[in-house]
Amino acid sequence: MRVPEIGEIRRRKQRLRIPIVILLAALIITAVVTCAVLGEGIAPDSPFRQRLEVGDTPPSPVHIAGTDLLGRDVLSRVIYGAKTALVGPIFVAVGAFTIATLLGLLSGYLGGFVDSAIMRCVDFMLALPGPLVAIVVVGVVGGGYWTAVLVLGVLFTAPDTRIVRSAVLEQRPLPYIEAARTLGISKTRILFLHILPNVGPIILAYVALDFAFALVNLAGLSFLGLGVEPGTPDWGRMLFENRNILFSNPVALLLPAGMIILTAVSMNLIGDWLFERFAK
Amino acid sequence: MTGSSLVLFVMRRLALAIPLLLMISFGVFALIHIAPGDPVHSLLGTRAPDPSTLAAIRARYHLDDPLLLQYGKWLSQVMRGDLGVSIQGNRAVTGTIADRLGVTIFLTLMSTVLVLGPGILLGAIAAFRCGTRLDRVVVALGVFGASSPAFVTGIFLLYVFGVLLNWFPIYGPGRGFLDRAWHLALPALALAISVMAIVVKITRAAMIEELARDYVTFARARGLSWRRILLAYVLRNSLIPLVTAAGLIVVGIVAGAVYVEVTFSLPGLGALTVDAIQKRDIPTIQGTTLLFSAFVVLVNLAVDVIYTMIDPRIRFGRVGS
Amino acid sequence: MNRTVARAGEHSSLLEVEKLAISHGAVPITTPLDIIVKRGETVAIVGESGSGKSLTARAIAGILPPGINATGTITLDGIPLMRLSERELRKIRGFRVSMLMQDPFTMLNPLMQCGDHIDEMLRDRPAFASRAARAKEVKRRLAEVGIVEEDVAGRMPFQLSGGMCQRIALAAALARDPELLIADEPSTALDVTTQAEIIKLLRRVQRERHMSLILITHNLRLAFATCQRIYVLYAGSILEVGDAAAVERQPLHPYTLGLLLSEPPVDVRVHRLVAIPGFVPRAADVVDSCGFANRCDWAKEICRTGKPPLMARDTTRLTACIRQDEIQSELDSLRMATLSATEITPRPAVATEALVRIDALVKTFVGRQGRPICAVKSVSLHVMPGESVGLVGESGSGKTTIGRCLVGLERPTAGDIRINGIAAADFDAMAKADRARVRQTIQMIFQDTYSTLNPKHSVGQALGEALGASAGASSPATPERIAGLLAEVGLSAAYSTRRPVSLSGGERQRVAIARALAVKPAILVCDEPVAALDVSVQAQVLKLFKRLQAERGLSYLFITHDLAVVRQITERIYVLYLGEIVEEGPTERIIGNPQHPYTRRLVESIPRSTIRNEP
């Protein structure tokens, strides 16, 4: 007979100590959000204005990051590109997790037939090579930013559902849930007032991680020419467009590449930190 | 596990994999129908849309048959090794794939070696030196790696080592083993970095957990040497989470290969797929997607079998306490 | 091969620990401790959670977890252990000092065969270079720990029971014939009957090898029954040292006495349970005073002006109670008064209907690989209104399953359950009104105090929700009613805004009891409600149970493995073994004179005192 650990009192809540790295990450995210919101306001030039006569030039006092093949100011395009870098992934992460939370709650708590049905679909989707499916489907259906967002959202729902379901399964056998059942509290109340608040924090951590992953995948699709429409200032798209000017203006490639990494790293750090805090 | 029960187990998992493959193949088949526009026009390619050509296409691809029948005929074709004909230049898809297969295999193998070797080693070192500066550096590198998709890393590597330092070529697959290895070094590295991050993370987490386990403490208390503890206790037990994640790793490498081949202009299957997508060459897309997907499914199956073999608890089921 | 490691007649000290202070960075975990173990002696270190006993054991073995450091001197047979390098220490560990840990299931490598755990310890000896020689030796050592079946060496740990795993771990720990064995709670994770076997095995092995043994435990009675000398550790300091028999007869420290009285004795039903109020503090919080001062009935100013040192009272006894000579007579009389037996007033036979009646209950589960497991074979029992009934059994007896069937958490495969006359075997099939009525009649208290409350809800929210759950709740959950519930379980109204994470295990269990009382039930099913609590806190909760029964006429179905608890709380018990009731009757009669062989084994497994119970 297993005897659980004899009582440990946690009287003092762990003081909130945010490491510097996380603050830095939050700063970067804030900066990117600012760019996305203010866009044209802070960009030095219009991201669409072409100067075909100038063509691609290396960085100069007028164009801090140089110009691309069509003479467009690279820095402005990068600032503007923050929009597509953030909006899509938010939809993917939040959308996928909203559906996943619902499915995971039902699947984990109700068990039985509902669970088997949902998990069978999930297992099927998990067996697919996700990024590849995204490329092929978006490519065949005919590109487009929102098509990509939709496809990624659907693909992310599977692993997210599994995550929510495991979290729910962890809570379900605990005495406070059983006590609620014994008291006759309704299933809906238990699901949303007892289980959800306890799996919520860890879901939040995963949302951050999902966001980073969606950002990277979305940029990847644009890199292959499948995401945003041509001409849109988008970090991934810029990597697609500017590959040929690697020698004349490498900044046009390195800057958007760097932004992708920075934003993804920041979100991953925040997500990991939240995970550490909530997973106990 | 006895030989016969192992065979039985493999058979059972294969049986589960088959419906999966069928469903995937149906999805691949249906691509032609989810493409915008009339399937006939998608299959036209560069030819003129005159009635006789259209009729010929209709006949060849059984487009007038009900959907399931179309699928059946397509599937039987595939089973016979006929993946259709590319719309560009009318070449058999199987031929094109055969041409490109070599590069992709070389690339993915090289990456896998890079991922597993240094990946597991770094994870192990970080676990042993948990909390020290070295560990923090490894963890930081891991986060960067995980956040850097292969195409982004590829661009950075290309610029630094290809353009600036000129140590490696920046495009082409190379000829001959060593030359090919030299040409594929940067792409393989780019591909490996993002996937290695996962391996390092999992290995490190698994080992840290193992080192904290009671049986390791008990082994230490009995005075066993670190060598013995490492080999018999820590490493073996750490393998399990890693094997579980192998599926994830394979998918990462396969998807990453696509990006990397585009970045470095390598004539591999991934670049072929992207090229076919841009040209709306559905038969080629179907061919490569089917190949990739089947590969992933089979690797997952192999992983399942390996997992069962190394963890005896799965075979026997646990004794309740 | 020489197994007896000490020269006969030598009684010098084998281990001398001087001023061992363990800390986690700057936070102290123990004050400087002095421990002496002679050759062939058995010493117990008794302490509750937070006392630092496990870390002390690990410090002696030299395997402190990272981040924990120790200062002081540990001398083993003249060798200063703390000054040795890791390589030199490895020659000591296993060869001269070895350790046995608490959880048999996690102590063995799940991927390694059982025999290999012993085999790997023999590989460095030239006598056992060949595999055949090792295999023979493994067999011999398994026999030493009582394992004689052929194939055990080739099995994997998860295929064996806890008791078997513990024996194998013991054989592995002894494989290099150490002179000192440290056993950290070696039986706590086991069933009661297995516990007794393992302790017996430990004592036999210790005697035969003339080995020194340090037994770490929270169970004072076990320490008395097994060891020669006792060290009582509390919040990181040693409060009392002495020979087991002497300490049991006359504790020289209020804490030792309190601990002794908190553990309900199994020999007698006592008139009242003495509980120590409060909970165990952290060592860091009581650096400048006697660690026990805040819970001590005899604490005065002097106890808080600095940490009282250990002082010798006679040749072999030490105590850290600075007021000991003043209060000793009071301690003695308290002990005598509390440990005297009391009569149970027989319940007047009222011909009423049973509150809970179970008839031929059967519950089968589907186990691994589809094989059915019959947890409950055919159990019939009843509880009368106002009665306190015990359901006693070990793991696998089915007792928890029965409890869960009663409150609707499980559905019985067959059989009938009647609660207050209403058929309650299938909760889903009941009419809504009936179900609500049954839920208001019977509630459950769970074992795991850590997760018994929703960590995201305050105490007030939890109680408010429970109040609202009573069907037809005429008045809403007002703060007054919540305060009323809290008062019932001895907690102030201020607890209403607190979160579970800031409460101790005992407090959480009280809130759980308050929650159950919110619907005004007639009977509480208590599934091991105190097993997860510190000993000094267990008595508090048991006292609460007794008071609630006296004041409200509550009935209990007390599910437990602990016969001592059952003796103090229940009037009648059922003894359950592998899903069947093997004996039933009045508590006093069953414990005093068990008939069924299993019941007898259960009663005999409980560690008895070393002295006959003389007042």
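**Helix α6 of chain A and its surroundings**

The buried residues of α6(A) are covered by elements from two chains, A and C. Among the covering elements of chain A are α5 (145-171) and α7 (187-223). Chain C contributes α13 (432-439), β19 (442-445) and α16 (505-517) to this cover. The model is a predicted one. Helix α6 of chain A spans residues 175-182, and 8 of its 8 residues are buried. These are P175(A), Y176(A), I177(A), E178(A), A179(A), A180(A), R181(A) and T182(A). Just after the helix, G184(A) adopts a positive phi of about 90°.

The contact between chains A and C involves α6(A) as well. It brings together 24 residues of chain A and 42 residues of chain C. On the chain A side, α6 and α7 are the elements that give two or more residues. The most come from α6(A), which gives 6 residues. By class, this side of chain A holds 12 nonpolar, 5 polar and 7 charged residues.

Chain A also touches chain B. Here 34 residues of chain A meet 36 residues of chain B. Four helices of chain A, namely α3 (112-127), α4 (130-141), α7 and α9 (251-279), each supply at least two residues to this side. The largest share, 10 residues, belongs to α9(A). The chain A side of this contact comprises 26 nonpolar, 6 polar and 2 charged residues.

Chain A as a whole contains 9 helices and 0 strands. Its elements therefore read α-α-α-α-α-α-α-α-α along the sequence. The C-alpha atoms of chain A occupy a box of roughly 80 × 45 × 30 Å along the principal axes. Of the 280 residues in chain A, 52% are buried. Contacts in chain A between residues at least 6 apart in sequence were also examined by separation; 70% of them join residues at least 24 apart.

Chain B has 14 helices and 0 strands. From the N terminus, its pattern is α-α-α-α-α-α-α-α-α-α-α-α-α-α. A box of roughly 85 × 60 × 35 Å, taken along the principal axes, holds the C-alpha atoms of chain B. Chain B has 321 residues, and 40% of them count as buried. Among its contacts between residues at least 6 apart in sequence, 73% link residues at least 24 apart.

Chain C includes both helices and strands. One sheet of chain C is open and has 4 strands, in the order β15-β14-β17-β18, with antiparallel pairing. At its edges stand β15 (372-383) and β18 (422-423) of chain C. Each edge strand has a single partner, so one side of each is left without a neighbour in the sheet. Strand β14(C), residues 356-366, runs antiparallel to β15(C), and 8 bridges join the two. In one of these pairings, R357(C) has H382(C) of β15(C) as its bridge partner. Helix α12 (residues 399-406) of chain C packs on the sheet. This helix touches β14, β15 and β17 (414-419) of chain C. The direction of α12(C) makes about 115° with that of β14(C).

A pair of helices in chain C was also examined. The axes of α6(C), residues 162-173, and α7(C), residues 192-209, come within 10 Å and cross at roughly 15°. This angle makes α6(C) roughly parallel to α7(C), because angles under 35 degrees count as such. The crossing of α6(C) past α7(C) is right-handed. From α6(C), the contact takes G162(C), G163(C), Q166(C), R167(C) and L170(C). From α7(C), it takes T194(C), E197(C), I198(C) and L201(C). Together these residues divide into 3 nonpolar, 4 polar and 2 charged.

One residue of chain C is described singly. L55(C) lies in helix α1 of chain C, residues 53-61. It counts as buried because it has 20 C-beta neighbours inside 10 Å, and 20 or more is the cut-off. Leaving aside residues up to four places away in sequence, L55(C) touches I22(C), I29(C), L64(C) and I68(C). The C-alpha atoms of L55(C) and F224(C) are separated by 22 Å, with their positions 169 residues apart along the chain.

Methods:
Residues are numbered from 1 along each chain as its sequence is written. Chains are lettered from A and ligands numbered from 1 in the order in which they are written. This is a predicted model: local features need pLDDT of at least 70, side-chain atom pairs count only at pLDDT 80 or more; totals for chains, interfaces and linings use all residues. A residue is buried if 20 or more other C-beta atoms lie within 10 Å of its own, exposed if 12 or fewer, and partly exposed in between; C-beta atoms are placed from the backbone. Two residues are in contact if their C-beta atoms, placed from the backbone, lie within 7 Å. Ala, Val, Leu, Ile, Met, Phe, Trp, Tyr, Cys and Pro count as nonpolar, Asp, Glu, Lys and Arg as charged, and the others, Gly among them, as polar. Axes are lines fitted to C-alpha atoms, for helices over the stretch in contact, and angles run from 0 to 180 degrees between N-to-C directions. Angles under 35 degrees count as roughly parallel, over 145 as roughly antiparallel, 65 to 115 as roughly perpendicular and the rest as oblique. A crossing is left-handed if the near helix is turned anticlockwise from the far one by less than a right angle, and right-handed if clockwise. Two strands pair if DSSP finds at least two bridges between them.
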